[in-house]
Amino acid sequence: MPLPGLRAARIAARRDCRKSWQNRVMNLAGTTLRLARQSDALTLAAMSRDLIESGLGWHYRTERIGQLLANADTVSLVASENARTAGFAIMTLGEERAHLVLLAVRADHHRRGIGRRMTQWLVETAITAGIATLHVELRAQNRAAYLFYRARLNFEQTLRIDGLLSWRAKRRSA
């Protein structure tokens, strides 16, 4: 159990971390990364349904995405190109563990570094907030995601359950 003072320090660090990213925008060769807004919820829910949850049932509907976007312990990014959403990522922060809840990039924007850059931004945010590990789950048969997390992002597999693989970002050496 963390000490009360340590918990307060982590909460303050998260709040400061979130504030430091609030006005941050990054441009990747015509693709802009920014924090997601409530007005993005409908688009992100539709992308989750079509690009992530296909064949699984639709769990991340507009209301649930809106709740995640409103949560102070959630960091949500949108990648856009010419006012069209090209991708998004949503990460929740716990005491010592972060969870990459959703990450999607439209097929016509694959292989442009958008998913990698969004994930790197979230990893850097988690480190700044004092998070020890960042976890993500993916379908075992999703070879493209497997290669993305393993080869491009250097994540390591931690668990395999009922067709799902659990991964975490490898710790950086000091």
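Modeller: Let's fix one word up front: a residue is buried when its relative accessible area is under 20%, exposed when over 50%, and partly exposed in between, using a 1.4 Å probe and protein chains only. By that rule, 43% of the 174 residues in the chain are buried.

Biologist: And what are we looking at?

Modeller: A predicted model, where local features need pLDDT of at least 70 and side-chain atom pairs count only at pLDDT 80 or more, while totals for chains, interfaces and linings use all residues. Residues are numbered from 1 along each chain as its sequence is written, and side-chain values use heavy atoms, with hydrogens and water left out.

Biologist: How many helices and strands are there, then?

Modeller: Five helices and eight strands, in the order α-β-β-α-α-β-β-β-α-β-α-β-β from the N terminus. Both are DSSP runs numbered from the N terminus: H or I with at least four residues for a helix, E with at least two for a strand.

Biologist: What makes Asp-50 and Arg-49 a salt bridge?

Modeller: The term needs a side-chain nitrogen of Lys or Arg within 4 Å of a carboxyl oxygen of Asp or Glu. Here the closest N and O atoms are 2.8 Å apart, so the pair qualifies. Asp-50 has a relative accessible area of 44%, so it is partly exposed, and Arg-49 at 33% is partly exposed too.

Biologist: Why do Glu-124 and Arg-117 count as a salt bridge?

Modeller: Their closest N and O atoms are 3.7 Å apart, which is within the cut-off, so that pair counts as well. Glu-124 is partly exposed at 31%, whereas Arg-117, at 11%, counts as buried. The structure holds five salt bridges.

Biologist: Which residue forms a salt bridge with Glu-81?

Modeller: Arg-112, with the closest N and O atoms 3.1 Å apart. This one links distant parts of the chain: Glu-81 sits in strand E3 (residues 74-81) and Arg-112 in the loop between strand E5 (97-105) and helix H4 (114-128), 31 residues away. Arg-112 is partly exposed, at 45%.

Biologist: What joins the side chains of Glu-81 and His-109?

Modeller: A polar contact of 3.3 Å. The term asks for a pair of N or O atoms within 3.5 Å; within protein, one must be able to donate a hydrogen and the other to accept it, and residues adjacent in sequence count only if both atoms are side-chain atoms.

Biologist: Which residues does Glu-81 touch, not counting those up to four places away in sequence?

Modeller: Gly-30, Thr-31, His-109 and Arg-112, where a contact means heavy atoms within 4.5 Å. Thr-31 is 50 residues from Glu-81 in sequence, yet their C-alpha atoms are 4.7 Å apart. Chain-wide, among contacts with a separation of 6 or more, residues 24 or more positions apart account for 59%.

Biologist: How do you know that the buried residues of H2 line one face?

Modeller: In helix H2 (residues 41-52), Ala-41, Leu-44, Ala-45, Met-47 and Ser-48 are buried. Seen down the axis they fall within an arc of 165°, so they line one face of the helix; the arc is that of the directions from the helix axis to the C-beta atoms. Their cover includes helix H3 (62-70), E3, strand E4 (84-93) and E5.

Biologist: Which residues are buried in H3?

Modeller: Ile-65, Gly-66, Leu-68 and Leu-69. They cover an arc of only 160° around the axis, which puts them on the same side of H3. Glu-63 and Ala-70 are exposed on the other side.

Biologist: Why is E5 called largely enclosed?

Modeller: Seven of its nine residues are buried, so the rest of the structure largely encloses E5.

Biologist: What makes E4 and E5 a pair?

Modeller: Two strands pair if DSSP finds at least two bridges between them. Seven bridges join E4 to E5, running antiparallel, so the test is met. A hairpin of three residues connects E4 to E5, and Gly-87 stands opposite Val-105 in E5.

Biologist: How many bridges join E5 to strand E6?

Modeller: Three, with the strands running parallel and E6 covering residues 133-139. There, His-99 stands opposite His-135 in E6.
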